[in-house]
Amino acid sequence: MAAYQLTQQKLVDMALEIDKGFLLALQLGRLKDAGQLQPHQISVGKLNNTREAIAIAREARAMFGGNGITLEHSPLRHANNLESVRTYEGTDDVHTLILGNAITGIAAFR
Ligand SMILES: Cc1cc2nc3c(=O)[nH]c(=O)nc-3n(C[C@H](O)[C@H](O)[C@H](O)COP(=O)(O)OP(=O)(O)OC[C@H]3O[C@@H](n4cnc5c(N)ncnc54)[C@H](O)[C@@H]3O)c2cc1C
């Protein structure tokens with residue numbers, strides 16, 4: 001599979017997002033260690049990294065075709081786990097509202 005051009009493009013896209021997510025987490029950790037991390041920046045990291053992780057798991061699932069639907073291969077097992085992570089680390093909706101508040105200064109929630 002890895003010898004196909006389109007497969008390599010998918011792997012490259014996945015690697016780019018994994019690297020960006022890693023660098024984001026690293027920088028947020030550095031800010032936290034320095035006592036400079038703002039609460040909404042945590043939402044940036046959690047929203048982006050869990051969203052990209054599940055997108056990568058789904059793309060990896062698609063690369064296995066019909067077999068990828070089964071739990072025979074790991075991507076959907078990761079995707080299942082990530083669905084719960086997206087809830088217990090804060091849902092996309094709530095992180096979005098926190099970031100909307102940070103950008104506009106207007107809280108759309110109580
Ligand atoms: C596996 C797992 C482990 C967990 N572990 C812990 C733990 O250790 N400690 C802990 O405290 N909690 C834990 N939780 C609970 C988790 O933090 C909550 O599930 C989470 O905060 C969401 O709350 P909720 O399920 O009540 O959903 P709700 O708050 O009822 O949300 C339901 C939906 O409404 C949306 N929503 C909520 N508020 C708004 C709003 N103002 N505007 C628009 N949309 C909104 C949400 O995004 C979501 O889509 C865990 C959950 C899971 C699944």
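**Entry 1: α4.** I started with helix α4. I counted 13 residues in α4 and got 18 Å from its first C-alpha to its last, close to the 18 Å expected at 1.5 Å a residue. I then looked at what comes just after α4 and found glycine 105 there, with a positive phi of about 80 degrees. Note to self: this is a predicted model, so I'm reading computed values throughout.

**Entry 2: α3.** Next I gave α3 the same check. Its 15 residues should span 21 Å at 1.5 Å a residue, and I get 21 Å between the end C-alpha atoms, so the two agree. What follows α3? I find glycine 90 after α3. The phi of glycine 90 is positive, near 100 degrees.

**Entry 3: the ligand.** Which residues surround the ligand? I listed Ser84, Thr87, Tyr88, Thr91, Asp93, Val94, Leu97 and Phe109. I then asked which elements give two or more residues to this shell, and they turn out to be α3 (74–88) and α4 (92–104). That brings me back to the helices of my opening entries. By residue class, I sorted the shell into four nonpolar, three polar and one charged.

**Entry 4: arginine 86.** I picked out arginine 86, which sits in helix α3. Is arginine 86 buried or exposed? I'd call it partly exposed, because I count 18 other C-beta atoms within 10 Å, and buried would take 20 or more. Setting aside neighbours within four places in sequence, I have arginine 86 in contact with Thr50, Ile54, Thr91 and Asp92. Of these contacts, Thr91 also turns up in my list of residues around the ligand. I also looked up lysine 46: the C-alpha atoms of arginine 86 and lysine 46 are 8.3 Å apart, with their places 40 residues apart in sequence.

**Entry 5: the whole chain.** Last, I stepped back to the fold. I count four helices and zero strands, and reading from the N terminus I get α-α-α-α. For the C-alpha trace, I noted a span of about 45 × 30 × 25 Å along the principal axes. How does the radius of gyration sit against that of a compact globule of 110 residues? I have 17 Å for the chain, where such a globule would be near 13 Å. Buried residues come to 11% of the 110 in the chain. I also went through the contacts between residues at least 6 apart in sequence, and 55% of them join residues at least 24 apart.

Conventions: Residues numbered from 1 in each chain as written. Predicted model: local features only at pLDDT ≥ 70, side-chain atom pairs only at ≥ 80, totals over all residues. Near = placed C-beta within 6 Å. Nonpolar A, V, L, I, M, F, W, Y, C, P; charged D, E, K, R; others polar. Expected span 1.5 Å × (residues − 1). Buried ≥ 20, exposed ≤ 12 C-beta atoms within 10 Å, placed from the backbone. Contact = placed C-beta atoms within 7 Å. Rg over C-alpha atoms; globule rule 2.2 N^0.38 Å.
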